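Work through the exercises below with the coordinates open. Each task is followed by its solution.

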Amino acid sequence: MITVNAMGDNCPIPVIKTKKAMQALTGSETIEVLVDNEIAVQNVTKMAASAGGQVSSEKVGDAEFKVTIQMEGAPKAEEQEEETCMPDARSNTVVVISSDRMGSGNDELGKVLIKGFIFAVTQLDTLPKTMLFYNGGATLTTEGSDSLADLKSLEAQGVEIMTCGTCLDYYGLKEKLAVGSVTNMYSIVETMAKAGKIIKP
């Protein structure tokens, strides 16, 4: 494990530090990058993914984020991009998830599809501003969810993850919320009303 400490560094320093660590690799290695803002998470994630890395990220404190990059070796020259300071990669889009499965028909297939849907959100060039979870969807943000790693990665990049408190209470999961924050129906309606676009699987 190689740790790159970019806390307090302004763009493009976190990207440059990470790139140097990647270029020095001689074999398979995991690089852990520590930064203090969501924009740095977005920029490091984009650069590392374009260089062939498997990237995940999570928020570990109020102004502390960890980006984990699994590399199979140093990136090839053609895979490397110039260090650029990208603007905030979030739009005024709200993703609304009301079930722990996607579509109707086979329930097991539905669970596979919703996991794939949430992963696909992490791959968007422009991330949503907020993701709302209610009814059965509330279970996706709690302990044991197969989508926690993807949701934590989205949260680290500044996506607001909000779960209905009434729903968590109903399912007995209030103490098991593992990502994002608890919200109420008024906030859910207000967030949806202000959205530029709503995506609902």
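Two strands count as paired if DSSP finds at least two bridges between them. The model is predicted.

**Exercise 1. Decide how strands E6 and E7 are joined, and in which sense they run.**

Solution.
- Locate E6 at residues 130–133.
- Count the bridges from E6 to E7: there are 4.
- The cut-off is at least two bridges, so E6 and E7 pair.
- Read the direction: the two strands run parallel.
- Pick one bridge as a check: Leu132 has Met162 of E7 as its partner.

**Exercise 2. Is strand E7 largely enclosed or not? Justify the choice.**

Solution.
- Take the strand as residues 160–164.
- Apply the cut-off: buried means under 20% relative accessible area.
- Of the 5 residues in E7, 4 are buried.
- E7 is therefore largely enclosed by the rest of the structure.
- For the whole protein, buried residues make up 41% of the 201 residues.

**Exercise 3. Describe the overall fold and test it against the globule rule.**

Solution.
- List the elements: 6 helices and 9 strands.
- Compare the radius of gyration, 18 Å, with the 17 Å that the rule gives for 201 residues.
- The values are close, so the protein is as compact as a globular protein of that length.
- Add the box: the C-alpha atoms fill roughly 50 × 35 × 30 Å along the principal axes.
- Check the contacts: of those between residues at least 6 apart in sequence, 73% join residues at least 24 apart.

**Exercise 4. How far apart are the mean positions of the positive and negative charges?**

Solution.
- Count the charges: 18 positive and 27 negative.
- Their mean positions lie 4 Å apart.
- Turn to the surface: about 10300 Å² is exposed, and carbon and sulfur atoms supply 50% of it.

Conventions:
Residues are numbered from 1 along each chain as its sequence is written. This is a predicted model: local features need pLDDT of at least 70, side-chain atom pairs count only at pLDDT 80 or more; totals for chains, interfaces and linings use all residues. Side-chain values use heavy atoms; hydrogens and water are left out. The radius of gyration is taken over C-alpha atoms; the globule rule is 2.2 Å times the number of residues to the power 0.38. Buried means under 20% relative accessible area, exposed over 50%, partly exposed in between (1.4 Å probe, protein chains only). Contact means heavy atoms within 4.5 Å. Accessible areas come from the Shrake-Rupley method with a 1.4 Å probe; for residues, only the protein chains shown count as cover. Lys and Arg count as positive and Asp and Glu as negative; His and the chain ends are not counted. The place of a charge is taken as NZ of Lys, CZ of Arg, CG of Asp or CD of Glu.
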